Amino acid sequence: MTADKIYPSAAAHIRAMAAFALADLGGRADGTLAQNESAFPPSPRAIAAGQAAVAASRLYPDPDCLELRAALAEAYSVPAEEIHCGAGSMDLIGSLVRAFAGDGGTVLSTVYAYSFIAAAAAQAAMPYASVAERELSVDVDAVLAGVTAATRLVVVCNPGNPTGTRIDNREILRLGAALPAEVLLVVDQAYGEFDDQDPRPVFDLVRGGRAVVTRSLSKAYGLAGARVGWGLFPPAVAAEMRKVQHANNVAAVSQAMAVAAVRDQAYMRATVARTAAIRDRFLSRLTDAGYAVVRSHTNFVLVPFHGPAMAAAAERRLRAAGIIVRPLGGYGLGHCLRITIGADDPMERTAGILAAMEQGREPN
Ligand SMILES: *Cc1c(COP(=O)(O)O)cnc(C)c1O
């Protein structure tokens, strides 16, 4: 009789979870219109700074990101002591969840929140719950109604991904004021640079010690490949984060690129304006063609179709033309596609293909 072979196995909560699902890029490294990457390259100054920093790669990076925090403090008019950086805002969100997991606490978010939040909770074996949105936007009353005695973190994305919508900052302040004292509010502002609202009232919320704001250099600054995120953190929260983050996790080349990119605010603002202009042209073309598109405050748009079969057909039609977009079945939005704003040419072609599909549709 032979004994059953025993193999090492991962923890039960890891075995139970699925790997984080990215768009199927069909082998294309550039992600085309599927990953909300910038349509434009980063500032030439960031590229030059990164090239210069390569030569010093013998050294570990500054674990405190001092230069980057100083540049961010100046650009965003916030104290450098409140800024904490990470290897992308995913690192910040993941580390926050890990720091607050255990003790029976749960994460609460909204049904169309960025899917990595649920993944981060699953990695940390922290229970995750979500509440409904209203018209594809965060519903503060629903969030407040969803809070239980176990809630430790509330995460809202404003503007949201994959919806592209945003709520008024006064609603975020109302949420912050109404949450119980033991709950930390996390406001994910990965698209904050595309939002025309004054960010200062929400930034000021951090000073109360019960809120965090996260930001990213991946979208408006065109540095998705560098993996740099930052946020405003109450010092006590940042101190706990440091325990769970890996030291030296923001690469030296990335820090150098980020410093130069943040110092070049004029370039970032011009990129955001160019992107928004292409986006709004694309949206009006789709509206004219009969699509009920959702107004966007980001660098992507959510396009609803007449059901999941139509969305899947459009996704295939675009893919055949070399354009990769993001299906949203995983979000429960199978009738929609999320389309990142690219340069003029792919957007023209995308609009043309979608308009032709809508015109050729049988009336229902
Ligand atoms: C892209 C995105 C992030 C992740 O950004 P990184 O800084 O690249 O990790 C976080 N939140 C939302 C809502 C996003 O869309």
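1. In this predicted model, the largest pocket holds about 530 Å³ of space. Its lining is made up of 29 residues, and those lying nearest the centre of the pocket are Leu22, Gln35, Met90, Tyr114 and Lys219. When the lining residues of the largest pocket are sorted by class, 13 are nonpolar, 10 are polar and 6 are charged.

2. The largest pocket is also the space that the ligand takes up. Around the ligand stand Gly88, Ser89, Met90, Tyr114, Asn161, Asp188, Ala190, Tyr191, Ser216, Ser218, Lys219 and Arg227. Sorted by class, this shell consists of 4 nonpolar, 5 polar and 3 charged residues. A student who follows the names will find that Met90, Tyr114 and Lys219 belong to the shell around the ligand and are also among the residues nearest the centre of the largest pocket.

3. Some distances between the ligand and the protein deserve a careful look. An oxygen atom of the ligand lies 2.9 Å from a polar atom in the backbone of Met90. For Tyr191, the partner is in the side chain, where an N or O atom is 2.7 Å from an oxygen atom of the ligand. Ser216 likewise offers an N or O atom of its side chain, and the distance to an oxygen atom of the ligand is 2.7 Å. Taken on its own, the ligand has 390 Å² of accessible area, and the protein covers 95% of that area.

4. Empty space can also be enclosed within a structure, and rolling a probe the size of a water molecule over the atoms shows where such space is left. In this model there are 3 cavities of 30 Å³ or more. The largest cavity contains about 60 Å³ of space, and among the 14 residues that line it, Val138, Cys157, Gly160, Thr163 and Thr165 are nearest its centre. The lining of the largest cavity comprises 5 nonpolar, 7 polar and 2 charged residues.

5. The second largest cavity has a volume of about 50 Å³. It is lined by 13 residues, and Ser43, Ala220, Tyr221, Tyr267 and Met268 are the ones nearest its centre. Which helix gives the most to the lining of the second largest cavity? That is helix 11, which spans residues 265-288 and supplies 3 residues to the lining. By class, the lining of the second largest cavity has 8 nonpolar residues, 4 polar residues and 1 charged residue.

Technical notes
Residues are numbered from 1 along each chain as its sequence is written. This is a predicted model: local features need pLDDT of at least 70, side-chain atom pairs count only at pLDDT 80 or more; totals for chains, interfaces and linings use all residues. Side-chain values use heavy atoms; hydrogens and water are left out. A residue is near a molecule or strand if one of its heavy atoms lies within 4 Å of it. A polar contact is a pair of N or O atoms within 3.5 Å; within protein, one must be able to donate a hydrogen and the other to accept it, and residues adjacent in sequence count only if both atoms are side-chain atoms. Accessible areas come from the Shrake-Rupley method with a 1.4 Å probe; for residues, only the protein chains shown count as cover. On a 1 Å grid over the protein atoms alone, a cavity is a set of points where a 1.4 Å probe fits but cannot get out, and a pocket is an open set with protein on both sides within 12 Å along at least five of seven lines; lining residues have an atom within 4 Å of a point. A molecule sits in a cavity or pocket if more than half of its atoms lie within 2 Å of its grid points. Ala, Val, Leu, Ile, Met, Phe, Trp, Tyr, Cys and Pro count as nonpolar, Asp, Glu, Lys and Arg as charged, and the others, Gly among them, as polar. Grid points are joined across faces, edges and corners, and a volume is the space filled by probe spheres set on the points. Helices (H or I, at least four residues) and strands (E, at least two) are DSSP runs, numbered from the N terminus.
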